[in-house]
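Open the model in your viewer and have the selection tool ready. This tour goes stop by stop.

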Amino acid sequence: MKSVELRRLAHSVGRTLRKAGEPLDALALFGRLFKENPRALGLLQNPAIPLDQRDAALKSALDAAGAPPTSRAVLEGLARTFTLAVLPDLLALLETQALRRRGVLPLRVEVASEPAEAERAAIGRYLKGLLNQDLRLDFAVRPSLLGGFVARSESYFVDASLEGRVRAITSLEESCP
Amino acid sequence: MPIDAKHIAEQIESQLKGYESQVDLAEVGTVVSVGDGIAIVHGLEKVMAGEMVDFGGKIYGLALNLDEDSIGCVIMGEVHTIKEGQMVRRTKRIIQVPVGEALIGRVVDPLGMPLDGKGPVASKEFYPVERIAPGVVDRHPVNTPLQTGLKAIDSMIPIGRGQRELIIGDRQTGKTAIGIDTIINQKGKGVICVYVAIGQKQSTVAQVVKTLEEFGAMEHTIVVSATASEPAPLQYLAPYGGCAMAEWFMFNGRDALCVYDDLSKHAAAYREISLLLRRPPGREAYPGDVFYLHSRLLERASRLDPRLGGGSLTALPIIETQMGDVSAYIPTNVISITDGQIYLEGDLFYSGIRPAVNVGLSVSRVGGNAQIRAIRKLAGSLRLDLAQYRELAAFAQFGSDLDKSTLKQLARGERLVELLKQAQYVPQDVALQVFGIFAGTQGYLDGIRTPSVSHFERELHAYAGAERADLLMAIREKKEFDKDLESKLHEALKAFTERFLKDHPEAAVA
């Protein structure tokens with residue numbers, strides 16, 4: 001599924017779930033299940049197995065999990081269109097949406113080396129002051145940054161890295177006649 | 001001298017005390033799909049409609065569709081370098097173009113980038129391509145003529161500075177030629193011209209530039225080129241960019257002329273963009289706001305009030321019709337927006353009447369106030385004579401038995417039609433036009449054979465320039481076309497006609 005279609009799907013699923021007042025728990029449970037047990041996902045997506053048998057298997061799994069009706073419909077719809085594999089990405093988008101609705105901005109922060117707890121807290125404070133929002137930080141290590149950090153959300157990009165400074169200086173040099 | 005480590009450390013500390021790490025905070029989005037010159041971008045929550053967005057690598061886009069969870073951008077530049085997942089930055093500004101004197105004589109693209117290999121445009125000022133047109137209180141009535149140098153137009157369909165006059169006709173009927181002639185005729189008259197080529201062949205634009213250079217018209221002209229090979233967004237922007245460049249002169253108290261060649265292709269480029277952005281198609285598949293597309297452009301043409309400098313921007317939009325169909329969507333739109341139209345006909349063109357202006361269907365709604373008195377007085381009888389001629393000529397083809405007065409009127413009409421013919425790139429001074437038209441409407445051509453009319457006119461101009469310069473001056477300067485001037489014209493024409501017939505007896509009607 002193309003990312004634009006996935007985003008549209010996330011948008012409409014999120015809206016439907018909100019209307020129904022259902023949490024993301026059931027979808028999250030199945031997301032974890034498929035991640036930990038890819039064979040289950042493979043079986044549910046296997047076109048060689050007759051559709052009614054696959055439907056029955058999914059139905060029993062949903063019954064066992066006690067999935068509410070809207071979440072059921074979403075999972076059944078994904079299974080019928082052979083797109084159950086997008087569930088982890090869909091969940092990530094739905095979680096982001098839920099956070100944004102609560103006024104929390106999810107940010108992926110990349111640093112040059114594994115940060116200490118104090119550094120994480122300092123970066124968090126700095127970004128909160130800069131963006132003036134509650135944040136949920138997700139740290140990752142990228143040595144090519146050389147130093148500093150970059151933070152990225154859907155709508156913001158903060159570059160406080162040495163790599164960024166070097167790039168800026170290089171482009172300044174290139175633009176000089 | 002021993003090295004003092006403490007001193008050095010202090011120096012470093014004091015130097016770096018004021019250092020603040022520079023942080024680049026940008027509002028960004030992510031390309032989720034790209035194709036056909038359109039990018040769908042997720043993020044960029046606060047982007048404004050019409051804002052320029054930066055794809056990196058000197059590629060910019062224009063945010064046109066603001067949807068709930070994504071925005072639709074048209075890409076200006078190399079589309080194939082943009083990839084899914086690429087970051088897009090807000091620029092927080094509307095597209096701007098360089099403006100000012102530095103652009104005169106240059107050939108630029110719709111964003112003001114040079115195309116003529118004469119180096120960068122040394123311009124310090126920038127104007128946004130989109131701007132709200134001057135309001136009612138900021139405007140002044142159109143009262144100064146903008147002469148095209150074409151007899152048929154200056155006499156019967158006069159254009160004033162600040163007017164919007166449409167040039168409409170089928171392909172190959174001389175629409176561009178009128179625009180180019182008008183630009184050439186502005187030489188030494190203080191009017192800065194902007195020629196905007198939209199969706200044309202590069203060879204055609206090169207030919208236009210060459211012609212303008214040959215006639216020394218590039219000295220007061222800017223050429224904005226968005227050829228057929230450019231992406232649709234650049235073609236869409238071209239007239240707005242050209243208009244912004246011309247507006248600078250208007251807002252600085254000067255007169256400017258903008259020729260949009262042509263708005264049919266501009267509408268087609270906008271249709272392409274709109275369909276790719278999945279906007280609902282309407283009549284002829286154009287989007288619903290195609291009227292606004294042209295009205296907001298042409299409304300920017302105006303004559304400013306003297307308290308605002310009194311500058312003007314005249315617009316000459318060109319529309320190409322298909323098989324003479326003026327009732328198509330875009331022609332009717334632009335006809336209703338403009339202050340008149342010059343209608344060119346293929347039949348007239350191929351029968352040798354050039355410029356092929358259909359004077360019956362052409363009109364200028366405000367230009368009459370701007371005409372000089374002499375030509376305004378003559379235009380009335382010229383129109384009447386031509387109208388009578390057309391009516392009689394239509395009837396005369398069914399019968400041969402015509403009375404004397406009808407034959408006389410037909411002969412007069414034939415000579416007037418011949419008189420209004422004019423070669424390309426030979427604009428005429430208005431005073432010389434008055435001489436010629438006065439001769440035609442007052443019957444001085446009645447005794448000349450029709451094929452000799454152009455010869456008569458050429459010699460008349462030479463005579464007027466050499467021997468009656470006083471009269472030419474009076475025509476240009478006098479506020480009124482009074483009895484005195486009229487009698488002097490009669491006297492001059494009588495003398496000249498006698499001399500011409502004596503020198504060229506073969507030109508006389510048998």
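Select B:Leu25 in this predicted model. B:Leu25 has a relative accessible area of 39%. That falls between the 20% and 50% cut-offs, so B:Leu25 counts as partly exposed. The residue sits in strand S1 of chain B, residues 24-35.

Now add A:Tyr126 and A:Leu130 to the selection. Together with B:Leu25 they make a nonpolar patch on the surface. The accessible area of the three is about 230 Å² in total.

Next, move to helix H1 of chain A, residues 3-20. Put a distance between its end C-alpha atoms: they are 25 Å apart. The expected span for 18 residues at 1.5 Å a residue is 26 Å, so the two values agree. Step just past the helix to A:Gly21, where phi is positive, near 70°.

Which residues of H1(A) are buried? Color A:Val4, A:Leu6, A:Arg7, A:Ala10, A:Val13, A:Gly14 and A:Leu17. Residues three or four places apart in an α-helix point the same way, because a turn takes 3.6 residues.

Then show what covers them. From chain A, the cover includes helices H2 (25-36), H5 (69-80) and H6 (87-101). From chain B, it includes S1 and strand S2 (38-43).

Last stop: B:Asp109, in the chain B loop between strands S8 (107-108) and S9 (125-128). Is B:Asp109 buried or exposed? It is buried, yet it has no salt bridge. The nearest side chain of opposite charge is B:Arg106, 11 Å away. Leaving aside residues up to four places away in sequence, B:Asp109 touches B:Leu115, B:Val224, B:Ser225 and B:Met245.

Note on methods
Residues numbered from 1 in each chain as written. Chains lettered and ligands numbered in written order. Predicted model: local features only at pLDDT ≥ 70, side-chain atom pairs only at ≥ 80, totals over all residues. Heavy atoms only, no water. Patch = residues over 30% accessible without salt bridge, like charges linked within 9 Å, V, L, I, M, F, W, Y side chains within 5 Å. Areas by Shrake-Rupley, 256 points an atom, 1.4 Å probe, with all protein chains shown as cover. Salt bridge = Lys/Arg side-chain N within 4 Å of Asp/Glu carboxyl O. Helix = DSSP H or I, 4+ residues; strand = E, 2+ residues; numbered from the N terminus. Buried < 20%, exposed > 50% of the residue type's maximum accessible area, 1.4 Å probe, protein only. Expected span 1.5 Å × (residues − 1). Contact = heavy atoms within 4.5 Å. Lys, Arg positive; Asp, Glu negative; His and termini not counted.
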